[in-house]
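Open the model in a viewer and keep the sequence panel in sight. The stops below go from the whole chain to single side chains.

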Amino acid sequence: KFGTELQAHLTPEWRQQYIEYEGLKTLLFSMYDKKQEYLEEFDPPEDPDELNAQYDHSFFEGIMSEIKRINTFFQEKETEAKSRYTKLTSEFSRQLELLHHQSLGKETTDIKGKKVLAIHPARVKKLESKIYQKFKMAFSEYYLNLILLQNYQALNYTGFRKILKKYDKVMDSKRGKKCFETHVRGSYFEQSKDVEQLIESTEKFVTNTLEKGDRNKAMQKLRVPPLSGLELKKHSTTFISGLMTGLAVSILAVVIMGSAIQDKIKVTGKHEADDYPALVAFRCTFLLFLFTILISWNTYGWRNAGVNHILIFEIDPRNHLNYLELLTIGMMFLFVWGCTLVLYIFSPLVTPNMRPETWPLLFFILVFSLLLLPAPIFYHRTRFWLLKRLFRIFTAPILDVRFADFFIADQLNSLATVLLDISFVVCYYATFWNKDGTGLAGCTRKSLWYRVVIAILPPWFRFAQSVRRYFTTGDWFPHLLNAGKYFSSIMVVVMATVSGVFEEQGKCIKLLGCHVFIVYIVFACISTLYAYWWDIKMDWGFLDHTSTDHKNKYLRDELLYCGGKKFVYFLIMGFDLIMRCVWTINISLADWNFLHKQIVITITSVLEAFRRAVWNFIRLENEHLNNCGQFRAVRDINVRVISDAQKQNEIKDEESDDEDQKIIAGRRHSSHNSPVGTPVRSRAGSAANTALTGSNLSLFLRRRKQSGASANNNENV
């Protein structure tokens with residue numbers, strides 16, 4: 001169980017620096033198998049440790065090597081933390097002193113020796129406020145990094161304690177306890193109290209200096225909310241999300257039944273509804289809600305697989321939406337969407353004097369009004385974060401590009417239909433109240449210049465971001481190649497538009513006999529293969545020729561989802577290829593009049609949404625595993641504060657003991673029923689998905705204080 005907890009809660013940047021718990025555990029049971037083979041042929045010696053000594057040399061050698069490696073790494077990170085604290089405090093004092101000199105009308109120099117001119121006294125308070133705000137954020141990240149380092153101590157301490165206790169249980173010995181008392185208890189990472197002192201110093205500095213003595217406010221800025229509050233929030237959110245899901249599914253069933261009997265309830269002499277413009281208007285909002293639900297699915301998968309999406313997206317760990325809240329939002333709007341669609345279907349009976357097309361317009365206005373609402377209500381932090389990212393995407397050639405920027409821009413490429421639907425809604429309803437309205441055909445013409453521009457925008461955003469990354473880093477690979485991929489997408493849009501204009505003008509009656517259409521097909525095939533290769537090789541990190549783990553051939557060394565089962569990843573690769581080719585459905589079904597074009601577009605848009613959701617899983621997994629990538633955030637802010645729960649630790653230890661007894665009993669039973677020399681690997685135990693409690697840290701700190709107190713007593717004596 002601890003091995004599962006360790007993998008779920010280790011810091012991604014330090015993945016290779018934790019105790020090799022699973023490796024030591026495998027080595028331990030391998031020794032046990034050899035010992036059992038020996039006992040089946042020979043009589044046991046009087047002293048069990050004599051027999052154990054023949055097999056456990058490599059085990060204890062591994063323990064000592066792990067202690068040495070962890071001590072070295074911890075000492076390096078501790079030194080970095082000390083240096084960081086000194087730099088933060090000194091830089092804060094220097095900036096305030098510089099501002100003070102400027103406010104007195106004196107010219108001074110900055111840290112680089114450049115002259116800094118005096119400023120007007122009226123600007124002093126504003127600049128001072130910015131300095132304080134900047135350092136509050138810096139100390140907040142620094143404090144969380146210290147908590148991370150403290151958790152690193154606790155996890156490794158617990159790992160050594162559990163593996164050596166397991167050794168004593170399995171090998172029927174006391175050498176594990178002796179090794180723990182002698183080498184682990186006296187190790188540098190266990191004895192050092194510098195991290196605790198840095199935590200206390202940081203709390204005092206933020207409280208007394210940055211928050212003017214207000215400790216409650218300081219702790220609110222520094223600490224992650226307690227686990228108890230999160231659990232309470234989770235239970236309430238679970239109930240609401242389940243309620244909204246049930247309502248959404250129910251209303252969708254009503255929509256399906258209502259659509260089946262729609263023709264039978266129309267009232268003659270009243271307003272007739274044009275279903276296809278309404279389909280486009282409803283599709284626009286439906287795809288947004290579907291994407292929200294799929295993102296909640298992504299978030300759930302990332303969390304369970306240990307993918308640090310909060311760190312990757314640079315989200316505030318104190319204020320962010322979990323997967324249940326995202327699911328609640330998506331299902332809530334889907335329920336309202338379904339209610340509006342039911343009103344549209346039954347509008348001849350419900351609102352006979354109102355045009356049916358008014359209902360999708362009202363819902364469209366409601367959705368985008370809530371998204372753009374400036375008031376601090378209705379998940380305003382998330383809405384503002386999204387709007388800021390959209391602004392950065394629209395200004396991609398100007399501003400630096402971060403991971404979240406190009407990730408959301410990739411989502412926009414899958415939401416190109418939504419952007420075109422928004423332009424259609426504006427066009428259609430702008431002429432809707434006029435008798436000479438252009439209708440569906442008039443607002444979807446290929447010759448409309450603004451529709452061409454809107455269709456080009458999503459690939460243009462990524463093209464501009466890639467070019468910007470090239471000028472920022474100076475690396476032509478992979479940024480210019482990535483720009484080429486999106487340039488091919490732009491050319492597909494251009495050729496599709498030209499082909500559509502020729503068809504509207506009657507110059508291409510037979511599609512396959514039209515040269516422009518053939519060129520469009522060629523560009524579409526090239527763009528599809530280009531994009532698929534980029535998905536597999538660059539975005540997902542597969543086909544890694546530098547892989548050292550040959551068991552994952554054609555993939556990569558580490559696979560996090562579904563227990564690392566390779567066939568799942570190969571299925572995903574095939575699914576992505578098939579979904580990349582769904583554009584052919586538009587040609588085979590829509591352009592050759594097998595189905596109405598808007599129905600085909602709806603089907604392909606939904607398929608693209610699911611393809612993007614699957615793509616998101618593997619893309620974030622690859623970014624998580626390769627945290628030194630070009631867009632990787634360097635802030636260690638994904639921290640969960642550990643609370644005191646000693647009773648849970650005792651229960652967990654008892655469960656671990658019971659599990660060990662089952663393993664030993666199973667191995668003894670298997671050794672009698674199996675040929676000598678055949679290793680038996682069946683082990684009892686279930687996967688633990690529970691969060692790491694604070695018992696490990698509290699036990700670690702308490703025992704360290706006890707050892708320190710005993711040392712002081714010895715000195716006094």
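pLDDT is the predictor's confidence in each residue, on a scale from 0 to 100. This is a predicted model, and the chain averages a pLDDT of 80, with 76% of the residues scoring at least 70.

**Whole chain**

Show the chain as a cartoon. It has 27 helices and two strands. Of its 717 residues, 47% count as buried. The accessible surface comes to about 36,700 Å², and carbon and sulfur atoms make up 60% of that area. Among contacts with a separation of 6 or more, 76% are between residues 24 or more positions apart.

**Low-confidence stretches**

Colour by pLDDT and select residues 225–232. Here the pLDDT stays under 50, and the model has five contacts beyond four places in sequence for this stretch. Next select residues 668–695, where the pLDDT is also below 50. This second stretch has 49 contacts in the model beyond near neighbours in sequence. Where pLDDT is low, the predicted coordinates should not be read in detail.

**Aromatic pairs**

The chain has 46 aromatic pairs. Select Phe160 and Phe189: their ring centres are 6.1 Å apart and their planes stand at 40°, so the pair is tilted. Phe160 belongs to helix H5 (residues 124–171) and Phe189 to helix H7 (residues 188–191), with their positions 29 residues apart in sequence. Both Phe160 and Phe189 are buried.

Move to Phe289 and Phe363. This pair is edge-to-face, at 5.9 Å centre to centre with 75° between the planes. Phe289 is in helix H11 (residues 275–305) and Phe363 in helix H15 (residues 358–372), so the pair ties together parts 74 residues apart in sequence. Phe289 has a relative accessible area of 4% and is buried; Phe363, at 3%, is buried as well.

For a cluster of rings, select Tyr85, Phe92, Tyr132, Phe135, Phe139, Tyr142 and Phe205, which are linked by ring pairs.

**A salt bridge within one helix**

There are 21 salt bridges in the count for this model. Begin with Glu91 and Arg94, whose side chains meet at 3.0 Å, N to O. The two are three residues apart in helix H4 (residues 57–103), a separation of about one helical turn. Are they buried or exposed? Glu91 is partly exposed, with a relative accessible area of 24%, and Arg94 is partly exposed at 25%.

**Around Arg611**

Now select Arg611, which is buried at 1% relative accessibility. Which residues does Arg611 meet in salt bridges? One is Asp535, with the closest N and O atoms 3.7 Å apart. That bridge links helix H25, which holds Arg611, to Asp535 in helix H22 (residues 515–539), 76 residues away in sequence. Asp535 is buried too, at 1% relative accessibility.

Another is Asp576, at 3.0 Å, N to O. Asp576 lies in helix H23 (residues 566–580) and Arg611 in helix H25, so this pair ties together parts 35 residues apart in sequence. Asp576 is buried, with a relative accessible area of 1%. Add Arg580 and Glu608 to the selection to see one network of salt bridges that share partners, joining them with Asp535, Asp576 and Arg611.

**Elsewhere in helix H25**

Select Thr604, in helix H25 (residues 597–625). Thr604 is buried, with a relative accessible area of 9%. Apart from neighbours within four places in sequence, Thr604 is in contact with Val582, Ile585 and Asn586.

End at Arg612, which lies over the face of Trp615, 4.6 Å from the ring centre.

Technical notes. Residues numbered from 1 in each chain as written. Heavy atoms only, no water. Phe/Tyr/Trp six-rings, centres within 6.5 Å; stacked < 30°, edge-to-face > 60°. Helix = DSSP H or I, 4+ residues; strand = E, 2+ residues; numbered from the N terminus. Buried < 20%, exposed > 50% of the residue type's maximum accessible area, 1.4 Å probe, protein only. Lys NZ or Arg CZ within 6 Å of the ring centre and 35° of its normal. Contact = heavy atoms within 4.5 Å. Areas by Shrake-Rupley, 256 points an atom, 1.4 Å probe, with all protein chains shown as cover. Salt bridge = Lys/Arg side-chain N within 4 Å of Asp/Glu carboxyl O.
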